[in-house]
Amino acid sequence: MRRSFILAGSVITTLVASFAGANAQQPMDRVQVGILECRGGASIGFIVGSVTNLGCVLRVDGMPEDRYVATIRKVGVDIGITQESALAWGVYAPVARLGIGDLSGNYAGAQGSASVGVGVGGNVLVGGSNNSIALQPLSVQGQVGLNVAAGLESLELRPGR
């Protein structure tokens with residue numbers, strides 16, 4: 001089990017570093033517009049990937065909550081079961097204000113996580129309108145279960161209620 005955590009940590013570091021390097025090649029001025037918080041139920045890793053559905057809320061000071069439904073798909077090493085997950089990203093966009101539903105779209109990036117009881121993870125995602133929105137710098141993921149995951153991740157955000 002310890003080897004799995006060390007391997008997952010190495011893969012996470014490599015993926016995040018390569019993604020950050022690729023992102024640095026295409027500079028774009030972005031400002032933080034809010035925080036996207038997501039929560040979801042159980043997820044089962046199928047060795048080569050997993051699918052998780054979450055309910056999300058974009059919180060922006062002085063604006064009403066903007067709700068989304070998220071589907072996260074992971075490809076790579078993903079072994080185990082988690083009972084619940086909570087994620088939070090800083091949302092960076094090329095404009096200071098986003099309208100209701102503006103985060104809708106597809107995002108992609110690198111991810112990694114590990115849990116024995118309570119665990120943590122992180123991921124860097126870019127997407128949305130013309131790939132102009134970044135969910136960064138790194139999400140903070142809390143989860144409960146037994147799981148090791150590292151690889152590529154896609155996030156689909158749809159308007160919710």
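A residue is called buried when its relative accessible area is under 20%, and exposed when that area is over 50%; partly exposed residues fall in between. In this predicted model, buried residues make up 43% of the 161 residues in the chain. The accessible surface of the chain comes to about 8500 Å². Carbon and sulfur atoms account for 60% of that surface.

The secondary structure consists of one helix and five strands. Read from the N terminus, the order is α-β-β-β-β-β. The helix is therefore followed by the five strands. Contacts across the sequence were then examined. Among contacts with a separation of 6 or more, 74% join residues 24 or more positions apart. Several residues illustrate such pairings, and they are taken in turn below.

T71 belongs to strand β3, which covers residues 66-93. Is T71 buried or exposed? Its relative accessibility is 5%, so T71 counts as buried. The cut-off for that class is 20%. The side chain of T71 also makes a polar contact with the side chain of N53, at 3.1 Å. N53 appears again among the residues that T71 touches. Leaving out residues up to four places away in sequence, these are V51, T52, N53, S154, L155, E156 and R158. Of these partners, S154, L155, E156 and R158 fall within the span of strand β5, residues 133-159. V51, T52 and N53 fall within the span of β2, residues 43-59.

A134 lies in strand β5. Its relative accessibility is 0%, and A134 is therefore buried. Which residues does A134 touch, not counting those up to four places away in sequence? They are R30, G90, V91, Y92, L125 and V126. Y92 also illustrates a long step along the chain. A134 and Y92 are 42 residues apart in sequence, yet their C-alpha atoms are separated by 5.1 Å. G90, V91 and Y92 fall within the residue range of strand β3. L125 and V126 fall within that of strand β4, residues 105-127.

L125, one of the partners of A134, lies in strand β4. At 0% relative accessibility, L125 counts as buried. Its C-alpha atom is 8.0 Å from that of L155, which is 30 residues away along the chain. L155 was met above as a residue in contact with T71. Strand β4 also holds S113. S113 has a relative accessible area of 2%, so this serine is buried as well. The C-alpha atoms of S113 and G151 are separated by 9.6 Å, and the two residues are 38 positions apart along the chain.

Empty space inside the model was examined next. Rolling a probe the size of a water molecule over the atoms shows where empty space is left. How many cavities of 30 Å³ or more are counted? The count comes to two. The second largest has a volume of about 90 Å³. Its lining consists of V33, L58, V60, M63, P64, D66, A96, R97, L98, G99 and I100. By class, eight of the lining residues are nonpolar, one is polar and two are charged. The charged residues are D66 and R97, because Asp and Arg are counted in that class. The polar residue is G99, because Gly is counted as polar.

M63, one of the lining residues, sits in the loop between β2 and β3. Its relative accessible area is 37%, so M63 is partly exposed. Beyond its neighbours within four places in sequence, M63 is in contact with R97 and L98. Both R97 and L98 also line the second largest cavity. G99 is another residue of that lining. M63 and G99 are 36 residues apart in sequence, and their C-alpha atoms are 9.6 Å apart in space.

Definitions and conventions: Residues are numbered from 1 along each chain as its sequence is written. This is a predicted model: local features need pLDDT of at least 70, side-chain atom pairs count only at pLDDT 80 or more; totals for chains, interfaces and linings use all residues. Side-chain values use heavy atoms; hydrogens and water are left out. On a 1 Å grid over the protein atoms alone, a cavity is a set of points where a 1.4 Å probe fits but cannot get out, and a pocket is an open set with protein on both sides within 12 Å along at least five of seven lines; lining residues have an atom within 4 Å of a point. Grid points are joined across faces, edges and corners, and a volume is the space filled by probe spheres set on the points. Helices (H or I, at least four residues) and strands (E, at least two) are DSSP runs, numbered from the N terminus. Buried means under 20% relative accessible area, exposed over 50%, partly exposed in between (1.4 Å probe, protein chains only). A polar contact is a pair of N or O atoms within 3.5 Å; within protein, one must be able to donate a hydrogen and the other to accept it, and residues adjacent in sequence count only if both atoms are side-chain atoms. Contact means heavy atoms within 4.5 Å. Accessible areas come from the Shrake-Rupley method with a 1.4 Å probe; for residues, only the protein chains shown count as cover.
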